[in-house]
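Me: I'm new to reading protein structures and I'd like a close look at one part of this one. Could you walk me through the charged side chains and the strands around them?

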Amino acid sequence: YEAMNVFKQSRKPLSLGELEKRLGLTKRHRKFVKDILKDLVREGKIIKIGSSYGVVEKMNMVTGKLQVQRSGAAFLLPDDKKRKDIYIHTKNLRDAWHGDRVTVAITGSHWGGKREEGRVVRVLERGKQVFPVRVIRPMGGTALLCHPTDPRLDFGIVVEPDEAVITEPVLDDNGREVYPAESVDTEVDFSRVSRGDILLVAPGE
C-alpha cells in the first residue's frame with residue numbers, strides 16, 4: 001500500500017484526515033481510505049491510538065501469536081522469526097486468549113534482561129472460533145455459566161442456546177475425557193443439559 005509508505009515516512013501517528021491529505025485524496029475517498037486502514041490494522045502493520053494510526057514497529061510494538069502455558073505464563077511468538085519470544089505477565093493479557101494473534105507493546109525486560117516483556121494492546125484475530133466448554137451452573141432462563149475445557153483458556157463464559165452444540169463425552173486410552181474430533185451441528189435442547197456436560201460454543205464478540 002502507498003498508505004503504508006506514508007505512515008513509515010511520518011514522524012508521528014496520523015489521523016484519517018491527515019492520511020487523506022498526504023495521499024492527495026479528499027473526503028469523497030473516505031470509505032476507500034477507511035478500508036485501507038482496516039486492512040493494515042488487521043494485518044498488524046499499524047495500530048489505532050485514539051483517533052490516529054501509527055506504525056507498530058515505530059511505537060516499539062510487536063505482532064504475533066499468543067501462547068499461554070498451563071501455569072498461566074504467556075509468551076508472544078513474533079511474526080518476525082528473527083525476534084525472540086516476548087514474556088507477558090497474566091495481568092497484561094487483557095482479553096486475549098491462547099492462540100490469538102495480537103499486538104504487544106514492549107514495556108521492559110525480564111529475567112535479568114535476557115527476554116523482552118510486554119503487554120497486549122490489541123487482539124487482531126481470535127485463534128479459536130469455536131471450542132469446548134464444561135457447564136458449571138445455570139444462570140437463570142436458558143443461560144449457562146461454563147468454563148473452557150482447555151486450562152489455558154482461564155475464563156468463564158455465559159452460553160446462550162444459539163451458541164452451543166451438545167456433545168457426548170469421549171474417553172481416551174488413559175480414561176481422560178476428551179472432545180470428539182467431529183460433532184453434529186444441531187441446536188442444543190437446554191432442558192437436557194446438566195452440570196458437567198460439555199458443549200461446543202461459538203462465542204460472540
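Reply: Let's start with a trio: Asp95, Asp100 and Arg126 are linked in a network of salt bridges. Keep in mind that this is a predicted model, so treat each distance here as a value computed from that prediction. Within the trio, arginine 126 and aspartate 100 form a salt bridge whose closest N and O atoms are 2.5 Å apart. The two partners come from distant parts of the chain, 26 residues apart. Arginine 126 sits in the loop between β8 and β9 (131–140), while aspartate 100 belongs to the loop between β6 and β7 (101–110). How buried or exposed are they? Arginine 126 is partly exposed, with a relative accessible area of 26%, whereas aspartate 100 is at 0% and counts as buried.

Now follow the chain back from that arginine into strand β8, which covers residues 115–125. Glutamate 116 is in this strand, and it makes a salt bridge with arginine 83, with 2.6 Å between the closest N and O atoms. Here too the pair links distant parts of the chain, 33 residues apart, and arginine 83 lies in the loop between β5 (74–78) and β6. Glutamate 116 is partly exposed, at 29% relative accessible area, and arginine 83 is partly exposed at 29% as well.

Move along to glutamate 117, also found in strand β8, and you get another story. Glutamate 117 is buried yet has no salt bridge. Which side chain of opposite charge is nearest to it? That's lysine 91, and it is 6.8 Å away. A salt bridge needs the nitrogen within 4 Å of a carboxyl oxygen, so at 6.8 Å lysine 91 doesn't make one with glutamate 117. So what does surround this glutamate? Setting aside neighbours within four places in sequence, glutamate 117 is in contact with ten residues that you can look up in the model: Ile86, Tyr87, His89, Asn92, Ala105, Ile106, Thr107, Gly108, Ser109 and His110.

Ile86 and Tyr87 in that list fall within strand β6, which spans residues 86–88. Strand β6 pairs with β8 in the parallel sense, over 2 bridges. In β8, glycine 118 is the bridge partner of isoleucine 88. Strands of a sheet pair through backbone hydrogen bonds, either parallel or antiparallel. Zoom out a bit and you'll see that 5 strands close into a barrel, in the order β4-β5-β6-β8-β7, with mixed pairing. Neighbouring strands of this sheet are turned by 50 degrees against each other on average, direction ignored.

For contrast, try a salt bridge inside a helix. Arginine 42 and aspartate 39 form one, with their closest N and O atoms 2.8 Å apart. They're 3 residues apart in helix α3 (residues 30–42), which means about one helical turn separates them. Arginine 42 is partly exposed at 47% relative accessible area, and aspartate 39 is partly exposed at 21%.

Finally, the wider setting. The count of salt bridges comes to 10, in a protein chain with 3 helices and 15 strands. Of its 205 residues, 39% are buried. The accessible surface comes to about 12700 Å², and 48% of that belongs to carbon and sulfur atoms.

How values were computed: Residues are numbered from 1 along each chain as its sequence is written. This is a predicted model: local features need pLDDT of at least 70, side-chain atom pairs count only at pLDDT 80 or more; totals for chains, interfaces and linings use all residues. Side-chain values use heavy atoms; hydrogens and water are left out. Two strands pair if DSSP finds at least two bridges between them. Helices (H or I, at least four residues) and strands (E, at least two) are DSSP runs, numbered from the N terminus. Axes are lines fitted to C-alpha atoms, for helices over the stretch in contact, and angles run from 0 to 180 degrees between N-to-C directions. Buried means under 20% relative accessible area, exposed over 50%, partly exposed in between (1.4 Å probe, protein chains only). Lys and Arg count as positive and Asp and Glu as negative; His and the chain ends are not counted. Contact means heavy atoms within 4.5 Å. Accessible areas come from the Shrake-Rupley method with a 1.4 Å probe; for residues, only the protein chains shown count as cover.
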